[in-house]
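Let's take a friendly look at the pockets of this protein and at what lines them.

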Amino acid sequence: KFKSLGGVIVADESFLPDSYDFRTQITKSLAENPDAIYIVPQTPPKLGILLKQLNELGYKGPLYTNELATASEVSQNYKSHIEGAFFAEPEFNPEAPLSKQFLNAYQNNFGKEKFGLPQIYLATAYDAVYIFKEAIEKCGEINSECIKEQLYSIKNRKGAAGKLTIDKNGDPELEYVL
């Protein structure tokens, strides 16, 4: 979508899951004089390291990332590095009845400090288990085609993460907030 709207990607770097030094990728990207940098790590520790190394290498421009910016590890340990970054996350209301019920049970079992990941991740993982269970029950057995049909038929299902609808491609229809 970015390209179709006229955006230009001047660098596209990746890294292996066990990487901890991103200076080469950052240096290559900065050499292209980007107007902004968009980083999409898969874990909070990787985001923290990327933020720190971007800062060490002098990057001062706009920074865009994903919802891992809300992870407690990032907000606590890299607060000055993440300040001013833009990110979108799925809309989530922790005060909604099912969300609140789930989060209270989670906290009672694991403690608030275990919230580490964004709460939406925890709630969607919880919902996914029950969605799969419901699909198997409706199918009467583990039948991949039947389960797929059940998943694709989800419309406005209420769960701990909020309402869920699955589109014709099998993707969740979610509202995002900045």
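Helices here are DSSP runs of H or I with at least four residues, strands are runs of E with at least two, and both are numbered from the N terminus. With that in hand, keep in mind that the model is a predicted one.

We can begin with the largest pocket, whose volume is about 930 Å³. Its lining counts 27 residues, and those closest to the centre are Ala 11, Ala 36, Ile 37, Tyr 38 and Ile 39. Three elements each supply at least two residues of this lining: helix H1 (23-31), strand S1 (37-38) and helix H2 (44-56). Helix H1 gives the most, with three residues.

Now for the second largest pocket, which has a volume of about 600 Å³. Here, too, 27 residues form the lining, and Thr 124, Ala 161, Lys 163, Leu 164 and Leu 174 are the closest to the centre. Helix H6 (119-139) and strand S6 (162-164) each supply at least two lining residues of the second largest pocket. The top contributor to this lining is helix H6, with six residues.

The table sets out how each lining divides by residue class.

| Pocket | Nonpolar | Polar | Charged |
|---|---|---|---|
| Largest pocket | 19 residues | four residues | four residues |
| Second largest pocket | 14 residues | six residues | seven residues |

Which helix should you look at for each pocket, if you want the one that gives the most to the lining? For the largest pocket that is H1, and for the second largest pocket that is H6.

Methods
Residues numbered from 1 in each chain as written. Predicted model: local features only at pLDDT ≥ 70, side-chain atom pairs only at ≥ 80, totals over all residues. Heavy atoms only, no water. 1 Å grid on protein atoms, 1.4 Å probe; cavity = no way out; pocket = protein on both sides within 12 Å on 5 of 7 lines; lining within 4 Å. Points joined across faces, edges and corners; volume = space filled by probe spheres on them. Nonpolar A, V, L, I, M, F, W, Y, C, P; charged D, E, K, R; others polar.
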